[in-house]
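Okay, thanks for coming, everyone. I'll put the structure up on the screen and then we'll walk through a few spots in it together.

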Amino acid sequence: MPEALNDLKVFNDFERNPDLLARFDKVVRAYSAAAIFADVQYRTGVMDSGIKPAFRAKITGQAVTVQLSKGDLVDPLRALEMSQPNDVIVVDAGGDLNTSVCGGLMGGLAQNRGIRGMIVDGAGRDTDELEDINWPIWTRAITPRGTHTMFSGRKEELSINVPIACGGVVVNPGDFVVADLMGVVVIPLGIAEGVVKLAQEQADREEETRKWVAQGKTIEDLLNEFGRI
């Protein structure tokens with residue numbers, strides 16, 4: 001078999017950091033979490049704006065990355081088996097807008113394993129079911145057309161936990177992902193501790209600013225107090 005085809009079957013793992021995840025969870029409870037993380041990373045790590053949530057949702061977690069074979073997409077079921085509770089699955093489906101790689105049944109199975117959600121540079125479906133069970137996906141498109149997996153039985157044309165590109169951003173296994181109504185931001189694992197510290201500081205500052213706004217303060221008042229808006 002050609003080496004290029006063998007390369008499609010790579011299954012790695014990574015070390016989780018639950019203490020650091022707890023700090024991300026705290027920040028993500030704030031308003032505009034994705035914007036906060038984008039700001040403190042100097043607007044880097046932001047996925048293409050075409051990748052949107054199927055319904056109102058907000059998640060964070062470490063990325064289980066999936067590389068699908070472009071033009072021959074399959075359901076990334078193996079990623080469910082390899083994921084752990086609190087992970088977020090991030091899939092490079094080649095930006096395909098016409099073939100869903102995730103739907104309601106997969107969402108239910110993932111939810112049973114404690115997986116928080118899925119980000120797909122491609123399409124999903126069954127959004128009514130996913131919303132009812134509150135298992136969120138972020139995709140470029142929604143379509144009723146599924147993959148061939150259910151008919152062919154082929155389920156291995158993918159790599160898991162390898163570097164991928166999703167929404168124009170490089171995602172490595174274990175990187176942190178923040179996703180909400182506005183979009184998706186990736187925080188590289190190597191800088192995650194410093195970034196989440198800055199994000200918490202900004203979230204706290206913004207909450208204090210909101211209190212001042214609610215009191216009827218002016219722009220000049222805010223600048224004098226916080227030095228920025």
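So, let's start just past helix α5, where Gly 114 takes a positive phi of about 80 degrees. Before going further, keep in mind that this is a predicted model, and that goes for everything I'll quote.

Back up into α5 itself, residues 104-112. The buried residues here are Gly 104, Met 106, Gly 107, Gly 108 and Ala 110. What do they pack against? The buried residues of α5 pack against α4 (77-82), β4 (117-121) and α6 (127-133).

Now, two of those buried α5 residues, Gly 107 and Ala 110, also turn up in the contact list of Trp 135, so let's go there. Trp 135 sits in the loop between α6 and β6, with β6 being 137-139. Buried or exposed? Trp 135 comes out at 1% relative accessibility, so it counts as buried. If we skip the neighbours within four places in sequence, Trp 135 is in contact with Phe 55, Cys 102, Gly 107, Ala 110, Gln 111, Ile 115, Arg 116, Gly 117, Met 118 and Leu 130. For Ile 115 there's a polar side to it as well: its backbone oxygen lies 2.7 Å from a polar atom of the Trp 135 side chain. And if you like long-range distances, take Val 10, which is 125 residues away from Trp 135 along the chain; their C-alpha atoms are separated by 27 Å.

Right in that loop between α6 and β6 we also find Asn 134. Asn 134 isn't a glycine, yet it has a positive phi of about 60 degrees. Its relative accessibility is 52%, and the cut-off for exposed is over 50%, so Asn 134 counts as exposed.

If you collect positive phi values, there's another spot, just after α3. Tyr 42 takes a positive phi of about 55 degrees there. Then Arg 43, again a residue other than glycine, has phi near 65 degrees. Arg 43 is in the loop between α3 and β1, where β1 is 52-53. With 65% relative accessibility, Arg 43 counts as exposed.

What about α3 itself, residues 33-40: how many of its eight residues are buried? Six of them, so α3 is mostly covered, going by the under 20% cut-off. By name, those are Ala 33, Ala 34, Ile 36, Phe 37, Ala 38 and Val 40. They pack against α2, β11 (176-180), β12 (183-187) and α8.

That takes us to α8, and the residue I'd like to pull out is Gln 202. Gln 202 lies in α8, which covers residues 192-214. At 4% relative accessibility, Gln 202 counts as buried. So which side chain does Gln 202 join in a polar contact of 3.0 Å? That's Asp 39. Beyond four places in sequence, Gln 202 touches Ile 36, Asp 39, Val 40 and Arg 228.

While we're on α8, look at how it packs with α2, residues 18-28. Their axes are 9 Å apart, at an angle of about 25 degrees. Angles under 35 degrees count as roughly parallel, and α2 and α8 are therefore roughly parallel to each other. The crossing of the two is left-handed. From the α2 side we have Leu 20, Arg 23, Phe 24, Lys 26 and Val 27. From the α8 side, they meet Ala 192, Glu 193, Val 196, Lys 197, Ala 199, Gln 200 and Ala 203. Sorted by class, that contact has seven nonpolar, one polar and four charged residues. As for the spacing in lists like that, an α-helix has 3.6 residues a turn, so residues three or four places apart point the same way.

Last stop is Arg 16, in the loop between α1 (3-6) and α2. Buried or exposed, this arginine? Arg 16 is buried, because its relative accessible area of 18% falls under 20%. Its side chain reaches the backbone oxygen of Phe 14 at 3.0 Å. The side chain of Arg 16 is also joined to that of Asp 87 by a polar contact of 2.5 Å. Leaving out neighbours within four places in sequence, the contacts of Arg 16 are Gln 62, Val 64, Met 82, Ser 83, Gln 84 and Asp 87.

And that's my tour. Over to you for questions.

Terms used:
Residues numbered from 1 in each chain as written. Predicted model: local features only at pLDDT ≥ 70, side-chain atom pairs only at ≥ 80, totals over all residues. Heavy atoms only, no water. Helix = DSSP H or I, 4+ residues; strand = E, 2+ residues; numbered from the N terminus. Buried < 20%, exposed > 50% of the residue type's maximum accessible area, 1.4 Å probe, protein only. Polar contact = N/O pair within 3.5 Å; in protein donor to acceptor, adjacent residues only side chain to side chain. Contact = heavy atoms within 4.5 Å. Axes fitted to C-alpha atoms, helices over the stretch in contact; angles between N-to-C directions. Parallel < 35°, antiparallel > 145°, perpendicular 65-115°, else oblique. Left-handed = near helix turned anticlockwise from the far one by under 90°. Nonpolar A, V, L, I, M, F, W, Y, C, P; charged D, E, K, R; others polar.
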